[in-house]
Each structure stands twice: as C-alpha cells, then as structure tokens.
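Colleague: I am new to this structure. Please show it, and then we can go through some of its helices and strands.

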Amino acid sequence: MRSKYNLWFAIGMLCFYTFVSSETVFAAQDDKDIALIFVTSTQQPNRDVMALQEMLQVYTSVDVLAIEEIEEQMLKRYKRIVILNAYPTVIPEKALAAVNHFKGYAILIGENALQFSPFAKWQQGQIVELRSIGEESLDNPVRWKSVLPSADFEVVKRASSTNESYPFVVKKNNWSYIGDFVNSGTLQYQWPTLMGDLLQLSKPQSHPAFIVLSDINMKTDVGKLEKVVKAFTKNRVPIALEVTPILLDEFEKNIYYLQDNKKLLSYLQKLQNEGYPFILSSTSPEKSLDYLALRKIYPSISRDESSLFKGSIQDESPSLYITQMDNHTIYPMTVGTIPDTDSNPLYTVKRKIDFLLQVPSSIIGIQYPAYVNASYVQDLVDVLKGHPQIELMNFRQTNQQVKSENVSIVQHEDGEQTIDLSFSKSERLKILFDERPFELILWILVFVVSLFVTLFFISTLRLRITLRKRLFEERKTNG
C-alpha cells in the first residue's frame with residue numbers, strides 16, 4: 001500500500017514539475033517588450049527603422065518585424081508595438097487584425113493610419129509643406145499628407161506650414177499617432193523622450209561621456225600638451241590621447257614621424273606607463289600600429305573604423321548612443337571639438353550637451369585638440385560636473401582588442417593590457433628602412449666601413465705576429 005502511495009506521489013510531483021517548467025518556458029517566451037513593425041516597399045528595414053530601434057533599445061528589448069509576417073498570436077508576446085509606415089499600401093488582413101486586437105501601448109507613424117480601427121473615423125487632409133514640428137523649425141520643408149483626427153483624440157504636438165498648423169502627434173488611451181518620423185536637425189533630440197512618454201517607458205538617467213585629446217603628432221608642442229594633461233588629471237577627469245604617429249603634410253609634401261620629436265615620444269611613453277589610454281589616428285592603421293608598438297605605445301581604439309580594432313571613435317556617425325555592429329563597438333563623437341578661439345569657445349559645446357541631455361542615455365563625446373589653450377579645461381570640467389547624470393568614461397577600463405599580423409593587444413576592464421609582439425628581425429629592419437631609408441643606409445655604411453677597418457686591423461695584427469714569429473725562428477736557426 002505504501003509503495004502504491006509513493007508511486008502516485010511521484011507521478012503527482014512529475015506533473016507539477018512539468019506544469020511549472022512549461023509555465024516558466026511560456027513566461028520566458030512571453031518576456032518581450034516592443035515589437036517594431038515596419039512597412040517599406042522593399043520589405044527590409046530602412047534607415048528610419050534602424051534609428052527607431054536604436055533609440056528604443058535604450059529603454060528596453062526591441063524586436064524588428066516586417067508587417068508581412070505579423071499575425072495575432074505573434075503580437076500577444078509583446079507589451080508594446082511601434083508601427084512605422086514608410087509608404088502607402090494596403091495592410092495585409094492578418095496583420096491588420098492582429099494590430100486592431102492589440103491591448104498594450106501602441107504608436108503608429110506615417111502613412112496608412114485610416115486602415116487601422118483606432119483611426120477609422122479620421123479624415124484624410126491635403127498635402128502640405130511643413131516648416132516646423134512642435135517648437136523645432138525644420139532645415140528644409142517636409143511634404144506631408146495631413147490627417148484630420150476625430151475630436152476624441154488629444155493633441156500632444158502640432159506641426160506648422162507657412163500659414164496653418166495641424167495635429168501631428170495625437171493620443172487616445174494607449175494608442176498614439178505621429179504624422180511622420182523626421183529625424184534630422186534638433187528634432188533628433190526630441191524623439192527619444194517623446195517615444196518613451198507615449199509608450200510609458202521608464203527613462204534612463206545616466207549619460208556616459210568621454211574626452212579625447214586629439215591632433216597629437218610630431219609637430220605637437222610638448223609643453224602645451226603637458227599642461228592640458230595635467231589640468232584634466234588634477235580634476236580627476238579621465239582622458240584618452242589620439243596620436244598620429246606618421247603625419248603626411250600635404251601642404252609641405254613631407255612625411256613626419258613621431259620619433260622626430262624625441263621629447264614628445266618620451267612623454268607619450270611615460271603616459272603609456274602611467275595607464276593613459278591611446279587612440280590611433282592614421283590612414284594606414286597596420287603600419288602605424290606597428291610603428292607605435294615597436295616604441296612601446298599600445299593604442300586600444302581606432303579613430304575611425306578599422307578591422308584591426310574592436311572599438312572605434314567616429315565623427316560622422318548619426319547615432320547618439322554607444323552602438324554595437326558586427327562585434328564592433330562605436331563611440332560617436334556627439335559634441336564635436338573645442339574651437340581654438342578666444343571668443344567663448346565653450347558656447348557650442350554647452351549648447352550641444354544641453355541637447356544631448358534631453359536624449360535618455362545618449363553619449364557625450366568631446367574632442368579637445370592638443371593645440372588649444374589649457375585655460376579652458378577648468379571651464380569644461382565645471383560644465384561636466386555640473387550635471388550629475390554625466391558619468392565620465394575611462395577607455396583604459398573598457399574591454400578592447402587589437403589584432404594585426406605582428407601586434408596583439410588585449411585590454412581588460414581592470415586597466416591591464418596583454419601585449420604580444422611577433423616581429424621578425426627582417427620585419428624590424430624593413431619597418432626601419434621604410435621610415436628612415438637614408439639613415440639605415442648610413443648605418444649600414446658605417447657598419448661595413450667598421451667591419452673593413454676591424455678586418456684590416458686583425459689582418460695587420462696577424463701579419464705582424466707571423467713576421468715576428470718568422471724573425472724569431474730565423475735568429476734561432478742562424479744562432
């Protein structure tokens with residue numbers, strides 16, 4: 001009887017475990033947040049879709065889906081949806097039914113709005129040329145097919161042409177509509193917060209920031225650079241040093257090597273030993289990397305994208321965030337450079353930082369050229385420390401990897417670097433010859449002449465010894 005009881009108990013526990021496991025798996029599958037659905041003529045995500053994905057990922061997880069693959073069961077896994085309509089088309093019936101039955105927060109952007117049931121009572125308006133959206137003026141007019149929302153929708157933001165204004169962002173309960181995704185000018189700083197508010201998402205507060213001392217090359221004034229480095233270090237602000245080891249001066253039609261400025265090279269080697277991070281700036285990354293590594297300076301990041309580096313800093317990146325692309329980390333220079341001027345050089349920097357602070361979790365990347373006066377450092381530090389949400393990054397405390405044929409640099413979060421160099425003697429000679437052919441030829445001549453002199457001396461010495469020996473033997477023989 002007891003064994004029978006044990007059997008039923010075991011079966012019951014197995015059923016309970018199976019039920020709990022299936023519920024856990026189901027919950028894991030349902031642990032989705034935003035479905036970003038795109039409607040494009042190519043059935044592929046375009047630039048606007050990728051920009052939306054990037055800004056929404058700051059808040060939460062995002063799946064990007066084509067409208068053609070949407071069905072009702074699929075959308076039940078998500079808490080929120082965003083639909084970007086890039087061109088007018090008939091929405092597939094399955095997708096239309098799935099969206100109409102969706103119960104979470106939803107945003108519809110662009111065309112095709114009247115096909116969806118929340119907007120079925122709206123009227124199509126005329127095509128107008130918008131000059132501004134909300135408080136932001138547009139650099140160029142935008143042609144927009146206007147809509148006339150029903151009276152039960154709340155107008156959140158209006159857009160204006162030359163003479164009239166139109167409802168552009170409206171909402172009702174959990175549904176919102178945005179007339180068009182114009183992601184340019186100062187508007188790009190407005191969208192992330194607006195999207196987060198409409199979707200009821202918690203806003204991240206911190207902003208990573210970095211400072212790069214740029215334009216360091218053979219012509220750099222070591223004294224001026226040292227003052228700038230000391231000013232930042234005194235304020236405990238981490239910096240990275242961007243070095244151009246081989247400078248091609250197109251105006252002078254000449255090539256300058258870092259070693260031509262021996263004081264600068266020595267100072268940079270000292271900073272490397274003290275743990276400062278280095279950034280490589282070069283049109284020939286592998287050659288320049290070899291050059292620096294042979295002189296015990298180990299850059300961990302590239303100024304522009306390079307297959308040798310896992311991390312890069314980019315000027316022209318449209319992104320406002322640290323992004324990952326094909327196992328490559330991109331740090332956009334969002335603020336730009338400190339101008340070399342006596343007339344309020346930090347004005348544009350402060351203005352750009354204020355814009356970026358409106359964008360949740362945006363990165364603040366600042367370039368401080370080595371030739372700019374160190375007197376501006378304190379003002380810049382005061383601006384950064386005046387915003388507690390700004391968190392200064394130290395690139396030496398990030399995971400980075402650099403790999404070329406001759407150089408391997410692995411950087412760890414604790415600041416340690418694992419260096420592996422595999423230059424052969426012939427490669428070292430070749431690199432030296434490429435950099436200083438005449439100097440190398442001169443040293444070869446010196447070596448050859450020295451070798452001949454040495455051989456002549458040895459031969460003369462040997463001859464004298466031989467002659468003395470013969471003279472001694474002749475005297476001994478002749479008595």
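Modeller: This is a predicted model, in which local features need pLDDT of at least 70, side-chain atom pairs count only at pLDDT 80 or more, and totals for chains, interfaces and linings use all residues. Residues are numbered from 1 along each chain as its sequence is written, and side-chain values use heavy atoms, with hydrogens and water left out.

Colleague: At what angle do the axes of helix α6 and helix α7 cross?

Modeller: Helices here are DSSP runs of H or I with at least four residues, strands are runs of E with at least two, and both are numbered from the N terminus. Axes are lines fitted to C-alpha atoms, for helices over the stretch in contact, with angles from 0 to 180 degrees between N-to-C directions. The axes of α6 (residues 222-234) and α7 (residues 262-273) come within 10 Å and cross at roughly 20 degrees.

Colleague: Is α6 roughly parallel or roughly antiparallel to α7?

Modeller: Angles under 35 degrees count as roughly parallel and those over 145 as roughly antiparallel. The crossing is at roughly 20 degrees. Therefore α6 is to α7 roughly parallel.

Colleague: Which residues of α7 does α6 meet?

Modeller: Contact means heavy atoms within 4.5 Å. From α6, Val222, Leu225, Glu226 and Val229 meet Lys263, Leu264, Tyr267, Leu268 and Leu271.

Colleague: Which are the edge strands of the open sheet?

Modeller: Two strands pair if DSSP finds at least two bridges between them. Nine strands form the sheet, ordered β2-β1-β3-β4-β9-β8-β7-β5-β6. Strands that pair on one side only are the edges, β2 (62-66) and β6 (136-148).

Note on methods: Angles under 35 degrees count as roughly parallel, over 145 as roughly antiparallel, 65 to 115 as roughly perpendicular and the rest as oblique.
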